[in-house]
Amino acid sequence: MTIKLIATDLDGTFLRNDRTFDLARFNRLLDQMEDQDVKMVVATGNKVEQTLHYFKETPTNRLTYISSNGAMVSDTTGILYKRPVSKEQIKKVLDWNTQTRAKMENLIVLSGIKAAYVSNHATPEMIQAVEQFYPKVIQVEKFLEIEDDILVMELLWPENADIKYFVQVLRKKFGEELHTTGSGFGSVSILAANTNKETGLEALSRIWGIKPEEMVAFGDNSNDLEMLRYVGHPFVMPNAAEFMKERISQQAKADNENDGVLETIEMLLADQSQD
């Protein structure tokens, strides 16, 4: 088989549970990928600034980023593709949230290109929690007056909340107008319609002229499913939930704690070099 692009999710997939990875091993693989003309893509729900932090000791000109669950694609040259949520759509979600959260308070985070935004009613503890995932957090009085392209609306509920239930409710409420998915961190991500990691790969397919059957992807969670189904060579992580393994049959060679993505890439590149 011919491989021209390899894409990987981060949390629970490429990164160990302490959010580290084998830097030297990865850099060696990037050398091999450059020799074989294979693109390396990081596909994550994180903002690109947070993602860049993980790869600060990696030659970033060798990486392309599908960030915010597919709402933006970028590299060292800048933004290649973006799909923000409209102000009208933001208002609809805010109105829904106001009407339905009477018995259970949640935190709203609007993730934009410039920063992440929370209400000025958010407590210092809430802001500290958000800053673990967003490098720049700004408190605002009115969400609809934010001057930024909002890529993702994050709705965060308490730990005991049934996130799958809220995903189903929001999908029923907004239908095809918005894309709703669980993030895996006790939150619901709401994006513009038809926006996910697959659409990020579709954008790169158009830009680079690479076919889906020439792509490899790794993932572990429901927000990876569209991407995994799109590529010709999908790998689910052994540490993924059972429902993921039922949908994607091929597993990486090890789990995320044991560098499963790197080990599988090594195997793929070795096989390709012998073709």
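**Salt bridges, a helix crossing and selected residues**

At 3% relative accessibility, Asn69 counts as buried in this predicted model. Asn69 sits in the loop that runs between strand 3 (63–67) and strand 4 (72–75). Its backbone is notable on one point: Asn69 has a positive phi of about 55 degrees, although it is not a glycine. Asn194 likewise is not a glycine and has a positive phi of about 55 degrees. Asn194 belongs to the loop between strand 11 (187–192) and helix 7. Its surroundings are given by a relative accessibility of 53%, so Asn194 counts as exposed.

Salt bridges were examined next. The structure holds 15 of them. Side chains of opposite charge can pair when their charged atoms come close. In one case, Asp224 and Lys197 meet through their side chains, with an N to O distance of 2.6 Å. This pair links distant parts of the chain, with the two positions 27 residues apart in numbering. Asp224 lies in the loop between strand 12 (215–219) and helix 8 (225–230). Lys197 lies in helix 7 (residues 197–208). Asp224 is buried, and Lys197 is buried too.

A salt bridge also joins Arg19 and Asp11. Here the closest N and O atoms are 3.3 Å apart. Arg19 has a relative accessibility of 27% and counts as partly exposed. Asp11, at 17%, falls under the 20% limit and therefore counts as buried.

Lys245 and Glu242 form a salt bridge within a helix. The N to O distance is 3.4 Å. Both residues lie in helix 9 (residues 242–247). They are 3 residues apart, about one turn of the helix. Lys245 is partly exposed, with a relative accessible area of 21%. Glu242 reaches 51% and counts as exposed, because the limit for that class is over 50%. Elsewhere, Arg16, Arg25, Asp259 and Glu266 are joined into one network by salt bridges that share partners.

Helix packing was considered for one pair. The axes of helix 4 (residues 87–100) and helix 6 (residues 163–174) come within 12 Å. They cross at roughly 125 degrees. That angle makes helix 4 oblique to helix 6. The crossing of the two helices is right-handed. Helix 4 contributes Lys92, Val93 and Trp96 to the contact. Helix 6 contributes Phe166, Val169, Leu170, Lys173 and Phe174. By class, 6 residues of this contact are nonpolar and 2 are charged. No polar residue takes part.

Two further positions complete the description. Thr264 lies in helix 10 (residues 260–274). Its relative accessibility is 0%, so Thr264 counts as buried. Leaving aside neighbours within four places in sequence, Thr264 is in contact with Phe218, Phe235, Ala252 and Lys253. Glu131 is found in the loop between helix 5 (124–130) and strand 8 (137–140). Glu131 is partly exposed, with a relative accessible area of 42%. The C-alpha atoms of Glu131 and Ala116 are separated by 9.0 Å. Along the chain, Glu131 and Ala116 are 15 residues apart.

Terms used. Residues are numbered from 1 along each chain as its sequence is written. This is a predicted model: local features need pLDDT of at least 70, side-chain atom pairs count only at pLDDT 80 or more; totals for chains, interfaces and linings use all residues. Side-chain values use heavy atoms; hydrogens and water are left out. A salt bridge is a side-chain nitrogen of Lys or Arg within 4 Å of a carboxyl oxygen of Asp or Glu. Buried means under 20% relative accessible area, exposed over 50%, partly exposed in between (1.4 Å probe, protein chains only). Helices (H or I, at least four residues) and strands (E, at least two) are DSSP runs, numbered from the N terminus. Axes are lines fitted to C-alpha atoms, for helices over the stretch in contact, and angles run from 0 to 180 degrees between N-to-C directions. Angles under 35 degrees count as roughly parallel, over 145 as roughly antiparallel, 65 to 115 as roughly perpendicular and the rest as oblique. A crossing is left-handed if the near helix is turned anticlockwise from the far one by less than a right angle, and right-handed if clockwise. Contact means heavy atoms within 4.5 Å. Ala, Val, Leu, Ile, Met, Phe, Trp, Tyr, Cys and Pro count as nonpolar, Asp, Glu, Lys and Arg as charged, and the others, Gly among them, as polar.
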